[in-house]
Amino acid sequence: MENEGLNLPNYNIPEDIQNVVSITTLDRLYNWGRRSSVWPLMFGLACCAIEMIAAQAARYDMARFGMEVMRPTPRQADMMLVSGTVTKKMLPSIIRLYNQMPEPKYVVAMGACASSGGPFKEGYNVVAGIDKFLPVDVYIPGCPPTPQALIAGLIKLQEKIDKQSIKKVRWYQKGKVDPNYVPMPILGPDLIDVRRNAEFKQVAAQTAQKEGEA
Ligand code: SF4
């Protein structure tokens, strides 16, 4: 949305005051502010991070989209750009960072590894996509995606923000204790997502019952 797009098209503002008066909705104003100043969390996980760094530098210049302020602390970031291979050992730290980010917050999976495990999908130590644990807003394909592809993905994120309503986004739903909190997985021979505990217990009980019957 251009700055001029802040105005609602069905209101005609006299030409002589168009520079100083806008008629809009709260949602439109709120989204316009957020989409024009998304602050990414500054971290990279593997080779995709090199392309992310290139996108920040002068040739591609992510600053054109209001995204130049990479924050080294999750408390000041509202977009997590998962750029690289997510290992099982690294995952708890990523989830801890996500939980520390203030809402509204977004997750972008950059590249094949972050989206699905990529070339290491069957690896014993790699998570087959960050979306198994965090809510991903935009996926960017490629190994690695080019800086242009990254910027195209970020523009998709801006388009998504444009369509949101402050009343409906999950962060501001009344009655929910903490809709953003993601429990830390349990490290071990394999990762255990504690949200699936009930499911695991049910399968274990069914297996024990079958073995008892045999
Ligand atoms: S998607 Fe390709 S370039 Fe990106 S982290 Fe994985 S292996 Fe590296």
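Hi everyone. Helices here are DSSP runs of H or I with at least four residues, and strands are E runs of at least two. On that basis, the protein chain in this predicted model has six helices and three strands. Walk along the sequence and the order is α-α-β-α-β-α-β-α-α.

Now the chain as a whole. Along the principal axes, its C-alpha atoms fill a box of roughly 85 × 45 × 25 Å. There are 214 residues in the protein chain, and 37% of them are buried. As for contacts, take those with a separation of 6 or more: 71% are between residues 24 or more positions apart. The accessible surface comes to about 12500 Å², with 57% of that belonging to carbon and sulfur atoms.

Let's move to the ligand. Which residues are around the ligand? Going up in number, we have Ala46, Cys47 and Cys48, then Gly84 and Thr85, then Ala112 and Cys113, followed by Pro119 and Phe120, and finally Gly142, Cys143 and Pro144. Sorted by class, that shell holds nine nonpolar residues and three polar ones, with no charged residues.

Last stop, the largest pocket. Its volume is about 270 Å³. What lines the largest pocket? The lining takes in Lys88, the run Val126, Val127 and Ala128, the pair Lys132 and Phe133, then Asp190, Leu191, Ile192 and Asp193, plus Arg196 and Phe200. By class, the lining of this pocket has seven nonpolar and five charged residues, and no polar ones. Put that beside the ligand shell, where there are three polar residues and no charged ones.

That's my tour; thanks for listening, and I'm happy to chat afterwards.

Terms used:
Residues numbered from 1 in each chain as written. Predicted model: local features only at pLDDT ≥ 70, side-chain atom pairs only at ≥ 80, totals over all residues. Heavy atoms only, no water. Near = heavy atom within 4 Å. Nonpolar A, V, L, I, M, F, W, Y, C, P; charged D, E, K, R; others polar. 1 Å grid on protein atoms, 1.4 Å probe; cavity = no way out; pocket = protein on both sides within 12 Å on 5 of 7 lines; lining within 4 Å. Points joined across faces, edges and corners; volume = space filled by probe spheres on them. Buried < 20%, exposed > 50% of the residue type's maximum accessible area, 1.4 Å probe, protein only. Contact = heavy atoms within 4.5 Å. Areas by Shrake-Rupley, 256 points an atom, 1.4 Å probe, with all protein chains shown as cover.
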